[in-house]
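Here are my notes for anyone opening this one cold. Have a look at it yourself, then read the points in order.

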Amino acid sequence: MNLPSRLLQLLMVVLMVGGASYLMMQSLPGDAAWRIAAGRYGYDALDAAAAASVRAELGLEAQGGLHFLYWLGDILRLELGTSLISGESVWVEIRHQLGNSLSLAGAALGISLLIGPPLGLLAGLRAGGWLDRSLLAVCSLLRATPQFLLALVLILLISVEMGLLPAAGHGEPQHFILPAMTLALGLAAVSARLVRDAMAAVTQTAFHDFARWKGLSNAQTFWRHGLRHVALPLVTYLGLQFVTLVEGVVVIESIFGWPGIGHALVHAIFSRDVPMVQGTALVLGVGFVLINLLVDLLGRQLDPRGVK
Amino acid sequence: MNQVVEGLAPQRVEAVRRPRLDWPLRRVIGAAMVASLVLLALLGNLVIPGDPLEQHLYRALQGADAVGVSDAGEVITSAPLGYDHLGRSLYHRLVAALGLSLSIAAGAVILAAFSGISLGLLAAGRGGWAERLLSLVADSLLALPGLLLVLMVSVILPSTPLALWLGLSLVLWVEFFRLARATGRSVLASPGVEASRLLGFGAWYRFRHHLWPEMAPVMMTAMAFGMANALMAIAALGFVHVGIPEPTPELGTMMVELLPYWREAPFALLTPVLVTFLLLLGLLLMSGSKARTSTAADTLEGARP
């Protein structure tokens, strides 16, 4: 996709999250003005006058469509409001959590890249060999295991039975290992297959045979003629992997008690904290579009053939 | 004359070659696994009747028992898989949970496939702004993580099963839409469809005889894959306490409930885990991984979507 269509997509994502959040707000019981006033001034200072001033200020008098436009206007001005639970600004909360989530996601991606592609390369070089076949079996099993199930197995085996690592928590380096490993194993299962297929395809091409015939060593052939072809599907897939990662983060953070954006999202859903849901959803959706834009650009660098 | 026909033969074979839904061993095994679990969900309660919510607290976390009469004189229904931490029959909870998850997932896949295929063909047939608008909506939905969409729908709608059904359909239709649009674009422009239209055949005939045979194998793969994803999402949400509310039996909730007792009753925890795993493995075996691996070959040939 090109830049304008990505921008359009970005706008659409904001519209959809805003619309869904508006519906969420509408479906909550009670008067919105009273609820927001309670969030702002506390339940002790809450009276009809405070609710009326909130109503006048936020344009809650306006009906239907007009009210929705006010709501969208707030989003476009990047005013996400305050959390209905903590009373803290949504931005402050998210900035705090996003860092935690990004470091976890980064660690997971890093570990998965250390495990998956090298195994895939080895398997692809000898397609049909024992490594290839056992990798296929392991990858299929891993893909059939939901991430929360993998987390469960790792917690029971490594922290409860062996007592090697803490089952939950945040702050120490060893807290990283289990959640990052859980996320990484799922990602590695996919990237290993992808790299294996790409590598197997490359070894069957004429240019690969020719490189071997003209006397290049295995390593030289790989660096000059293999790497780029293997990297392209891997990079293209990173965009999709990011979705898996985000979904995983939502579940994995809740299981391991990691104070990130996914954990915050689940809590916000549980307590019907709409501004927080909207804020986290916006960050996740916008982040996805931006990452995909980066992947598009990177893919074009790797394979200039598709550019007209 | 004969020679001319022979010379043409390969081309003609190429032209009418259609992707067929073949049944390699892997797919048969997967289908058998899924079918047996579906049978368990359908017939489990008829074979051994029981109530998934009925408690026998004095039997909490105990193993299987036979039909009999307790000391107090009440009839104990048999629990072939033992009891959970609140003394409820694991077997009946499992059967109920399987039934619930399978019906939500199947309902979501059917709704998603129906709307995705019709909208995809509409986009491919009409083209222009209709296609652009639909594609934009589909792409933007793709940007939002599926679990997030399902969670947002669950806040808007009052009933959780309804929210899961609609939310999952909202996530899954995009895949069917993209597949149907891609196939539709090439097939609708083919001479065969044009000939059909000129001969006066209706839209339904053209769908049935030109479009569907072309789409069927891909759609079947997408359906099995979508079903696995839906089941995984339902269980994952249950596991983090935002899915189907307790005490309704659900696979993810069962696991998280039984987790604290895993030392005392490892088998009790293992049953929902094993059932979920087998169900997902069966569906993934059914779907096959061809759809995923084709991307590598495509990029190598320089083809871009």
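1. One cut-off before we start: a residue is called exposed if 12 or fewer other C-beta atoms lie within 10 Å of its own, and buried if there are 20 or more. Keep in mind too that this is a predicted model.

2. So where does Pro260(B) fall, buried or exposed? With 10 other C-beta atoms within 10 Å, Pro260(B) is exposed, because exposed stands for 12 or fewer. You'll find Pro260(B) in the loop between helix 9 (251-258) and helix 10 of chain B. Try tracing back from there to Ser190(B): the two are 70 residues apart in sequence, and their C-alpha atoms are 61 Å apart in space.

3. Now chain B as a whole. Its secondary structure amounts to 11 helices and two strands. Going from the N terminus, the order is α-α-β-β-α-α-α-α-α-α-α-α-α, with both strands sitting after the second helix. Of its 305 residues, 43% count as buried. If you take the contacts in chain B with a separation of 6 or more, 69% are between residues 24 or more positions apart.

4. There's a record to go with part of chain B. An unreviewed UniProt entry carries the annotation "domain: ABC transmembrane type-1" over residues 98-287 of chain B. In the model, that span is 84% helix and 0% strand, and the C-alpha atoms at its two ends are 20 Å apart.

5. Chain A has 12 helices and zero strands, so reading along the sequence you simply get α-α-α-α-α-α-α-α-α-α-α-α, by the way strands and helices are assigned here. What does the radius of gyration say about chain A? At 24 Å, it is well over the 19 Å that the globule rule gives for 308 residues, so chain A is more spread out than a compact globule. Along the principal axes, the C-alpha atoms of chain A fill a box of roughly 85 × 60 × 30 Å.

6. On burial in chain A, 40% of the 308 residues count as buried. Among contacts in chain A between residues at least 6 apart in sequence, 72% join residues at least 24 apart. Helix 9 of chain A (residues 206-213) is worth a look here: it has eight residues, and the count of buried ones is zero. After helix 9 of chain A comes Gly215(A), with a positive phi near 100°.

7. For a helix pair to zoom in on, I'd pick helix 5 (residues 90-125) and helix 8 (residues 174-203) of chain A. Their axes are 5 Å apart and they pack at an angle of about 30°. The crossing of helix 5 and helix 8 of chain A is right-handed. Sorted by class, the contact of these two helices has 25 nonpolar, six polar and two charged residues.

8. Last, the contact between the chains. How many residues does each chain bring? Chain B gives 37 residues and chain A gives 48. On the side of chain B that touches chain A, at least two residues each come from helix 4 (128-143), helix 5 (146-156), helix 8 (203-239), helix 10 (266-287) and helix 11 (290-300) of chain B. Helix 5 of chain B supplies the largest share of that side, with seven residues. By class, the side of chain B that touches chain A has 28 nonpolar, seven polar and two charged residues.

How values were computed
Residues numbered from 1 in each chain as written. Chains lettered and ligands numbered in written order. Predicted model: local features only at pLDDT ≥ 70, side-chain atom pairs only at ≥ 80, totals over all residues. UniProt positions renumbered as here; feature names shortened; annotations may be inferred. Helix = DSSP H or I, 4+ residues; strand = E, 2+ residues; numbered from the N terminus. Contact = placed C-beta atoms within 7 Å. Nonpolar A, V, L, I, M, F, W, Y, C, P; charged D, E, K, R; others polar. Rg over C-alpha atoms; globule rule 2.2 N^0.38 Å. Axes fitted to C-alpha atoms, helices over the stretch in contact; angles between N-to-C directions. Left-handed = near helix turned anticlockwise from the far one by under 90°.
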